[in-house]
Amino acid sequence: MDFSPFFLTLRLALFTTLILFLIGIPLAYWLAFSKFRIKYMVEAIVSLPLVLPPTVLGFYLLLFFSPENPMGGFLDRYFDLRLVFTFPGLVLASVIYSLPFMVQPLRSGFTGIPKAWIDTTQTLGKGRWVTLTRVMLPNMKSALLTAGVLSFAHTVGEFGVVLMVGGNIPDETRVIAVAIYNEVEAMNYGQANTYSLILIGFSFLVLLITYWLNRDKSRVLSYD
């Protein structure tokens, strides 16, 4: 059995989740507390992948980053960077597609922080950075865990976006979802079934560990 699609998928999911944390925390913080009058437009753009068919998003990303188009040509000419049918392109597409799965739980976590805690921190003369890192993030571990798991699991299960942007290049862009599709097309149902069962087992294990950790944390809080 070829395990390279699994390793590539895990690598993609890990990179995507790490980048999403770097982007999602400040974005969710801004969405939670900003008084910007047209904030709802940003919210709609961030949430768009939730309702947009993956192939539609993948198609426009494919066009946008194609070397024949201005943006793709600019990146290729001046930075020697190609985002079509490459692993970096898969990462970028996955970040865009999984963004709401990171931002929504984090925003809920921020809004769940009691305002009195924030006011107290500000009264003590602490800045926003200290409030974020010392008060907010430590008290929204459940939201951080949920956001990370959802983003990771969603990236593992991607198909339409990664197929459109990355294609089907062995050891470069052939993730597990594409590998399963290939086996079904070739009528290798046994191999497709094996891949699928491994993916189901892995996804279930990740979710099981997540729910167990959240349950354990809730039990400790209730005892306190």
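A residue is buried when its relative accessible area is under 20%, exposed when that area is over 50%, and partly exposed in between. These legends apply that scale to a predicted model.

**View 1. Phe6 and Tyr195 pair edge-to-face.** Phe6 has a relative accessibility of 12%, so Phe6 counts as buried. Tyr195 is buried too, at 3% relative accessibility. The model holds 13 aromatic pairs by the rule used here. In the pair formed by Phe6 and Tyr195, the ring centres are 5.5 Å apart and the planes make an angle of 65°. Phe6 belongs to helix H1 (residues 4-33) and Tyr195 to helix H11 (residues 189-223), so this pair ties together parts 189 residues apart in sequence. Phe3 joins Phe6 and Tyr195 in one aromatic cluster.

**View 2. Phe74 and Phe79 form an edge-to-face pair.** A pair of aromatic rings is described by the distance of the centres and the angle of the planes. For Phe74 and Phe79, the centres lie 5.7 Å apart. Their planes stand at 65°, and the cut-off for edge-to-face is over 60 degrees, so the pair qualifies. Phe74 has a relative accessible area of 37%, so Phe74 is partly exposed. Phe79 reaches 55% relative accessibility and therefore counts as exposed.

**View 3. Arg11 places its charged end over the ring of Phe87.** The distance from that charged end to the ring centre is 4.0 Å.

**View 4. Glu158 is buried without a salt bridge.** Glu158 sits in the loop between helix H8 (141-156) and helix H9 (160-166). Which side chain of opposite charge is nearest to Glu158? It is Arg11, 14 Å away. A salt bridge needs a side-chain nitrogen of Lys or Arg within 4 Å of a carboxyl oxygen, so Arg11 does not supply one to Glu158. The side chain of Glu158 does make a polar contact, at 3.1 Å, with the side chain of Ser98. Leaving aside neighbours within four places in sequence, Glu158 touches Ser94, Tyr97, Ser98 and Ala177.

**View 5. Arg107 and Glu43 join in a salt bridge.** Side chains of opposite charge can pair when their charged atoms come close. The count of salt bridges comes to 3. In the one between Arg107 and Glu43, the N to O distance is 2.3 Å. This pair links distant parts of the chain. Arg107 is in helix H5 (residues 87-111), Glu43 is in helix H2 (residues 39-51), and the two are 64 residues apart. Arg107 has 24% relative accessibility, so Arg107 counts as partly exposed.

**View 6. Asp76 and Arg82 meet through their side chains in a salt bridge.** The N to O distance here is 3.3 Å. Arg82 shows 47% relative accessibility and so counts as partly exposed.

**View 7. Asp119 and Lys115 form a salt bridge within helix H6.** Their closest N and O atoms are 3.1 Å apart. How far apart are Asp119 and Lys115 along helix H6 (residues 115-123)? They are 4 residues apart, which means a separation of about one helical turn. Asp119 is partly exposed, at 30% relative accessibility. Lys115 is exposed, at 59% relative accessibility.

Note on methods:
Residues are numbered from 1 along each chain as its sequence is written. This is a predicted model: local features need pLDDT of at least 70, side-chain atom pairs count only at pLDDT 80 or more; totals for chains, interfaces and linings use all residues. Side-chain values use heavy atoms; hydrogens and water are left out. Rings of Phe, Tyr and Trp (its six-membered ring) pair if their centres lie within 6.5 Å; planes under 30 degrees apart count as stacked, over 60 as edge-to-face and the rest as tilted. Buried means under 20% relative accessible area, exposed over 50%, partly exposed in between (1.4 Å probe, protein chains only). A charge sits over a ring if NZ of Lys or CZ of Arg is within 6 Å of the ring centre and within 35 degrees of the ring normal. Lys and Arg count as positive and Asp and Glu as negative; His and the chain ends are not counted. A polar contact is a pair of N or O atoms within 3.5 Å; within protein, one must be able to donate a hydrogen and the other to accept it, and residues adjacent in sequence count only if both atoms are side-chain atoms. Contact means heavy atoms within 4.5 Å.
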